[in-house]
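Colleague: Could you take a close look at the charged side chains and then at the loops that hold unusual backbone geometry? I should like one connected account, with the cut-offs stated as they arise.

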Amino acid sequence: MLAKSIISILLSLVDTFLENFSNYPVYNHYKKAVDLVAGAETDDELIVLKALFLYEASGENLTKPDREEHQDILVSLTGLSKSRLQAGLDKLEKERDLIYHRPEIKLYRFWEGINPKSIQQEIEEKIKLKPTSINEVVAYCGEINILKKYPSNTTVIATKFVKDNKLVSEDWQFERKIYSIDKFLKALENKRTLNDTKEKGIFAYVIAETQEELQELRNNIDNYLSKSPINNRIAVAIPTEETGNLARVILKIKALEETNPTSQKLLGKAYEEQLQRWQEEASIRLTRLLNNCTYYCVGIEKIPPTEQHKTERVISILLQNLYPFVPPVDEIDKMRSDHQTGKKIVGWTAKQIFIEDNISQQTLQDQSYRTVIDQIFVKLWGLFKKTSDKYIVQEPTHEKIRAAWDKISEITDLEGLPQKIVDLEKIWQVLSAPPFGYSEYNFTMLLAGWLAIHRKEVCLRGRVKLTTKKEEFVPAQDKSLQNWGNSDILQNPTAFVGDWIVKQKSKLIRRQQAEMPISVSLINYYDQAQQYLEAVVAFLESNEPDELQKEELTKNRKQMSAAVAEIDKWFQPVQAVGNLPHDAQLAALLPLYPQLLKRSPDTSILPTQQQRDRFSQAFQTVSNKIYQLVAAENKRAESLSTEQACNAYQREIPQIIDQINQIADLPPHLIESLQNALRTSNIRLTDIRQQAEAGQKQAEDTQIMQNIRNSATKIKTIHLSQAALQEIENLQSRFNYPDKFQDELAEIVQSIQNKITSDRSSLANLQTRLQSVNNLTELDIINTEYAKLDVIFQDSADYRDYQELQPQIQSLKHDLEQIQNLEIRYQQSDSIASCNDALAIITSWELNINNADRFQEIISLLEASFRHKIEEYEQKQSQILQQKQAAAQQWVKDLENSCTQINESLDDAEKLEVANNLLEQIQSEKSDYINLISVTETQLIENIERQCVEEREKDITNQIFVLLRQLPRFEQQNVYERLGQILSEKTDE
């Protein structure tokens, strides 16, 4: 109490001697702050300001380390509790902008220079004469991308339309856009408005500054829409709220953002905070505005009133009226525009249709191809007839698809002309627009089917490349469907339509059949024959000849193909020589030798001169390589150094001789040289064997026994032990003098057998212990011992028995871990909620005990323990609440009794002391009891506080002297001397 009285005296003296600090930098900031907190509900803010002023004015007399919290010193200076001090600091910093916090040194300071309030006043002064416009609000919405915040997407999907017509949602969306009324009305009048969106239409949010403007728009919106040329592709959202002064807020944001970087740096944190406040205000208001709208569109009366607030229903009614012949795709996502799998399926399927009128089911790439073709193009469209092994193109049976099919027939009708050229882009424009609405994928499939059915009548004109390099010229070509199907134009349906059809202006041609290729009698050479065959193929693919023409062409092609095949067969050895590696062996060279001696075939056509020259060069190359390889084998016989090398050489050379004997036309000296090499190798083999046999038997027995000893050391596992026994048995039969090592052998064998028996006993012991284990510690010991046996039993016949224990161990480990976790949860459970969480685990499937019967008793005991603990917590909470409420009521009663002393006392000093004590008691204890008392008791406390404050503020000077008189004589003298010292120091400075 004494310390608090001294603190009160010190803070009161701040006001008494304030003018002595007028030359201090902090003086003006403090004075301004005091003026702004005047009239606050409590004195806490003023007390905190005085303490901050005293701290800064004291200079080096009062400091703190950077790691120490500033609040610790301020608690001592103010006498406030830490919670009341923090509340005062937060209000001064976050609400009044009078101070700021430097977290890096944990220090509160007065704002120096400009604070956020000053920034706001400066900006408002700067823009007060600047005009504002609703268009600035619209532009700002785009800058902050408000539609991404609400409704978190810039598009709206026509869900009902998609469901009713079995479409893919991503292809049937409206783009959300924000307009002012003027810009919106202009957009309604212009067809080109729709060019600015990639979606099917626009969902327009129209905002205005006043309710009057919004109401006028509501009254006239139906009339505006009825006159608009794009009324079937635009829906309108009119907010219930106006923007009001939002344009002015945005103007303040822009003005603040335009502050030059140097000024921003000087303003520091104040700049960032003020900018953030304005930005948050604008964002919140815009989000609320867009979230509360009324929707309008042509035909909205067809929607039930209860669903007219749903954006997807609004655009669904527009699209239903606009696209009555939209092609269904059974809601299969792969038919969505730009879907990568769909691109592959459509491109591949259209390619097969171009090549042939049917598709073999065996050629489908995977199940996704079958799904799309069966569900859409067979069942829905009827574009294919499905047999047991094929899909056959036919005219579609679905009425919507048939309408588009008939439209293609109408556009390409010859109308009696011998030939008609139609831009494919024209067909695309008609079918992609209402009432059809075909995507690139759908259009590619329908067009491919139509072309396949009319294969006999049509060909296509276009470039063979979808994309070309800059300044590269690729001429357009007329080709049959089959030829185009074998090109790359259909790999990407989107590029097929956008690039090949639209950009490259490709065309569809209906015309009469082409002329027959030249007569076969005019062809003499191989290259001419190839050109003729290509011409025949092109003619048969691009036209449908009559039976006589087809028979003649087929016959001539067969004869010419046979002649070409004969020359190709004769020329094959030349190609084989060209493909030989640099280090080709005799096995590859010898078969080519007789083939290269053959004359050219006697056919109706002759090889070219180039073919003849290459044939001769190939023969010479093969001959030279054969001679070189034989010479190398002769030389190798002289360098043989081991018996193995000699044996291998003597096996290889006869094989080479046999290979050469099979080629009758090779020179005989090749075989003679190889036979001489064999004789040389025999001489080398005799020499090597004589050197190796010397001294062999002298070390045999010793080496055998050493091998047995070595085997006996490799018995770490059962498998190795058994292998060692087998090896000992095998080696024992090779002794020249077996009796010499008989005793040692018996001892080694017995030790190995004992090791095997011991290992098997260890495994049996583990099996027995697993039957009774009931805790993780014991199980971990068993598991450790089990793991050590893994290496021992691996690769042995007992390994299966060993492995059978692993699932048992894992199962028990799982169960015991679950039980241990429950036991830990029981120990750590400190609330009813945590106990209930544990009970939920026990009663649900989450526990998942494998050996439920074995551990049922433990789990039941745990469940009972949790339930008992819950009962204890509930009783304890009830008792605590009752005690707190009783204490709170007693606290109010004690305060009321103390307040009575103020009214009854006649001594002002006594009244002041009682008021100070009572006020201090309320301020320090209020937070502990305020939530436990009634409204009436709360009001009583407020009245007591108000009475105490009034009593204390009657005479501040009197308070100082009252408090001073309460001190002992020697302490009064100390306070007097310290105050004199402080005042003297400040005066000197």
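Modeller: The account below begins with charged side chains and then turns to the loops.

The model is predicted, and local features are reported only at pLDDT of at least 70, side-chain atom pairs only at pLDDT 80 or more, while totals for chains, interfaces and linings use all residues. Residues are numbered from 1 along each chain as its sequence is written, and side-chain values use heavy atoms, with hydrogens and water left out.

Side chains of opposite charge can pair when their charged atoms come close. Across the whole structure, a search returns 31 salt bridges (a side-chain nitrogen of Lys or Arg within 4 Å of a carboxyl oxygen of Asp or Glu). One of them joins Lys-160 to Asp-164, with an N to O distance of 2.8 Å. These two residues lie 4 places apart in helix H9 (residues 159-165), so about one helical turn separates them (helices are DSSP runs of H or I of at least four residues, strands are E runs of at least two, and both are numbered from the N terminus). Lys-160 is partly exposed because its relative accessibility is 33% (buried is under 20% relative accessible area, exposed is over 50%, and partly exposed is in between, with a 1.4 Å probe and protein chains only). Asp-164 is likewise partly exposed, at 47%.

A second example is the salt bridge between Arg-313 and Glu-307, whose closest N and O atoms are 2.6 Å apart. Here the partners fall into separate classes: Arg-313, at 10% relative accessibility, is buried, whereas Glu-307, at 24%, is partly exposed.

In a further pair, Glu-652 meets Arg-636, and the closest N and O atoms are 2.8 Å apart. This pair links distant parts of the chain, since Glu-652 belongs to helix H28 (residues 643-661) and Arg-636 to helix H27 (residues 609-636), with their positions 16 residues apart in sequence. Glu-652 is partly exposed, with a relative accessible area of 34%, and Arg-636 is partly exposed at 30%. Salt bridges also join into a network, which connects Glu-45, Lys-91 and Arg-96.

Charge without pairing appears at the surface. Asp-182, Glu-212, Glu-213, Glu-216 and Glu-242 form a negative patch (patch residues have over 30% relative accessible area and no salt bridge; like charges are joined within 9 Å and nonpolar side chains, namely Val, Leu, Ile, Met, Phe, Trp and Tyr, within 5 Å). For this purpose Lys and Arg are positive and Asp and Glu negative, with His and the chain ends not counted. Helix H11 (residues 211-227) supplies the largest share of the patch, 3 residues. Glu-242, for its part, sits in the loop between strand S6 (234-239) and helix H12 (246-257). With 33% relative accessibility, Glu-242 counts as partly exposed.

The loops come next. Most residues other than glycine have a negative phi, and most peptide bonds are trans. Asn-145 has a positive phi, near 55°, although it is not a glycine. Asn-145 occupies the loop between helix H7 (134-143) and helix H8 (146-149), and its relative accessibility of 35% makes it partly exposed. Asp-330 also has a positive phi, about 60°, without being a glycine; it lies in the loop between H15 and H16 and is partly exposed, at 27%.

The loop between helix H15 (311-322) and helix H16 (340-355) also holds His-339. His-339 is buried, because its relative accessibility is 15%. Leaving out residues up to four places away in sequence, His-339 touches Asp-333, Lys-334 and Tyr-441 (contact means heavy atoms within 4.5 Å).

A cis peptide bond leads from Pro-434 to Pro-435, with omega near 10°. Pro-435 is placed in the loop between helix H19 (424-432) and helix H20 (440-453).

Ile-489, in the loop between helix H21 (481-485) and helix H22 (493-503), is buried, with a relative accessible area of 0%. Beyond its neighbours within four places in sequence, Ile-489 is in contact with Arg-463, Leu-466, Trp-484, Phe-496 and Trp-500. Gly-39 offers the opposite case: it is exposed, with a relative accessible area of 79%, and belongs to the loop between helix H2 (25-37) and helix H3 (44-57).

Technical notes: Areas by Shrake-Rupley, 256 points an atom, 1.4 Å probe, with all protein chains shown as cover. Charge placed at Lys NZ, Arg CZ, Asp CG, Glu CD.
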